[in-house]
Amino acid sequence: MVCALGDSKAAILAGWLAGRAARPVPPDWLDSAIPAFGVLTQLPAIPTSLKQYDCRNNRLLLSALGQIEASVGTAIARYGAERVGVLVGTSTSGIAEGEAAVQVLRETGNMPSNYHYKQQELGGTAEFLAAYLDIRGPAYTVSTTCSSSANALASARRLIRLGVCDAVVVGGADSLCRTTLEGFSALGALSKTTCNPFSKNRDGTMIGEGAALFLMTREPVDIALLGVGASADAYHISAPRPDGSCALMAMQAALEDARLTSEQIDYINLHGTATWQNDAMENRAVGQLFGSDTFCSSSKPSTGHCLGAAGALEAGLCWLLLSDLPQESRLPPHLWDGEPDPDMQRLRLVGLENQALKPLQYCLSNSFSFGGNNVSLLIGHP
């Protein structure tokens, strides 16, 4: 994993549990004045042999891959390169490199010599990772905006269950670019101050960037993807269905898939974008299914909304919680101003006073996207 909290699992978990919110600033590598949660650590270089894929998005992927590359190599040796797949979720790919190239074209009349369309092509994301690892199984990119990498995890499990793959390198990456920042600004979806989910004073989200990758196999493990629920309400191109019915459907499907009840879930990582409509919709859905008994929080005040990477990144955060201290688990605090919306049901938002509790067994992670493309992932100890 790599995000605004750091480029190692230990640093990310420590920062999240401590309630650290990185200060969003305009990224210095983009010609944009809009604050965002950027990755500030140095990213690895793309090999010269794969320079046609050289973009920040793929460098974020390489940073995340470095943390599991030895395990991936073991899986390739065990199963064979043709039995290992690659599934990546993204919504930006290398659009920032495309923006820079178009600027050069406007100024000089020619595209820069180091630009290649595969830098920004959505499918190039999975192609790059497969080429880098010399994997010859299925390799494709999923792009359903904010639920992209959550859908990628669901699709990877499907490939394994169908017998198409024995292992899949799966996750997501999204990098900051002007198209995303200006687009969300035009929608009026960005905060003028801070990401303040579920507050009566919320006024929008903050965009982030990052990447998270898993190695998924059928082998028994201590932490597994136990349930997946998905729905598509097609209510509006960007707004969610206000009653939360399709978000509720996704969460219910994840529970049914895992053969669990709502009472068994220890923690919910909320989609929690801090936009007016999304929070209201998710509040209705979570409140209807879980009431006010289940601990929950949003990680977006700490990472920013990482869009196509959010589903995998937040599933990774839940994985880190489940792999924390064996005798006592801790929960990440919900970062907000503490002023609830009187029109919304009170959820059990994690505070600094109730972080420590019994070891966690099951976590649910929500990703609710443009067009009503909803995915809930249930992760836990089998």
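This is a short talk about a sheet, a pocket and two cavities in one protein structure.

Hi everyone, thanks for coming. Please keep in mind that what you see is a predicted model.

Let's begin with the sheet. In general, strands of a sheet pair through backbone hydrogen bonds, and the pairing can be parallel or antiparallel. Here we have an open sheet of four strands, in the order β2-β1-β3-β4, and its pairing is mixed. Which strands stand at the edges? They are β2, residues 139-142, and β4, residues 210-217. Each has a single partner strand, so one side of each is left without a neighbour in the sheet. From one strand to the next, the twist averages 15 degrees.

Now look at β3, residues 167-174. This strand pairs with β4 in the antiparallel sense, over eight bridges. If you want a spot to find on screen, try D174, which stands opposite G210 in β4.

Two helices pack on this sheet. Helix α3, residues 69-79, touches β1, β3 and β4, and its direction makes about 35 degrees with that of β4. Helix α6, residues 148-161, touches β1, β2, β3 and β4. The direction of α6 makes about 170 degrees with that of β3.

Next, the empty space. Rolling a probe the size of a water molecule over the atoms shows where such space is left. The largest pocket holds about 960 Å³, and 33 residues line it. Nearest its centre lie L215, M216, T217, V221 and I223. Which element gives the most to this lining? That is our edge strand β4, with six residues. Both helices we just met, α3 and α6, also supply at least two residues each. By class, the lining of the largest pocket divides into 22 nonpolar, five polar and six charged residues.

Finally, the cavities. How many are there of 30 Å³ or more? The structure holds two. The largest cavity has about 80 Å³ of space, and its lining includes F198, W336 and R346. That lining has six nonpolar, two polar and two charged residues.

The second largest cavity has about 40 Å³. Among the residues lining this one are D233, C246 and N374. Helix α8, residues 245-258, gives the most to the lining of the second largest cavity, with three residues. Here the classes come to four nonpolar, four polar and two charged.

That's my tour. Thanks for listening, and I'm happy to take questions!

Note on methods: Residues are numbered from 1 along each chain as its sequence is written. This is a predicted model: local features need pLDDT of at least 70, side-chain atom pairs count only at pLDDT 80 or more; totals for chains, interfaces and linings use all residues. Side-chain values use heavy atoms; hydrogens and water are left out. On a 1 Å grid over the protein atoms alone, a cavity is a set of points where a 1.4 Å probe fits but cannot get out, and a pocket is an open set with protein on both sides within 12 Å along at least five of seven lines; lining residues have an atom within 4 Å of a point. Grid points are joined across faces, edges and corners, and a volume is the space filled by probe spheres set on the points. Ala, Val, Leu, Ile, Met, Phe, Trp, Tyr, Cys and Pro count as nonpolar, Asp, Glu, Lys and Arg as charged, and the others, Gly among them, as polar. Two strands pair if DSSP finds at least two bridges between them. Axes are lines fitted to C-alpha atoms, for helices over the stretch in contact, and angles run from 0 to 180 degrees between N-to-C directions. Contact means heavy atoms within 4.5 Å.
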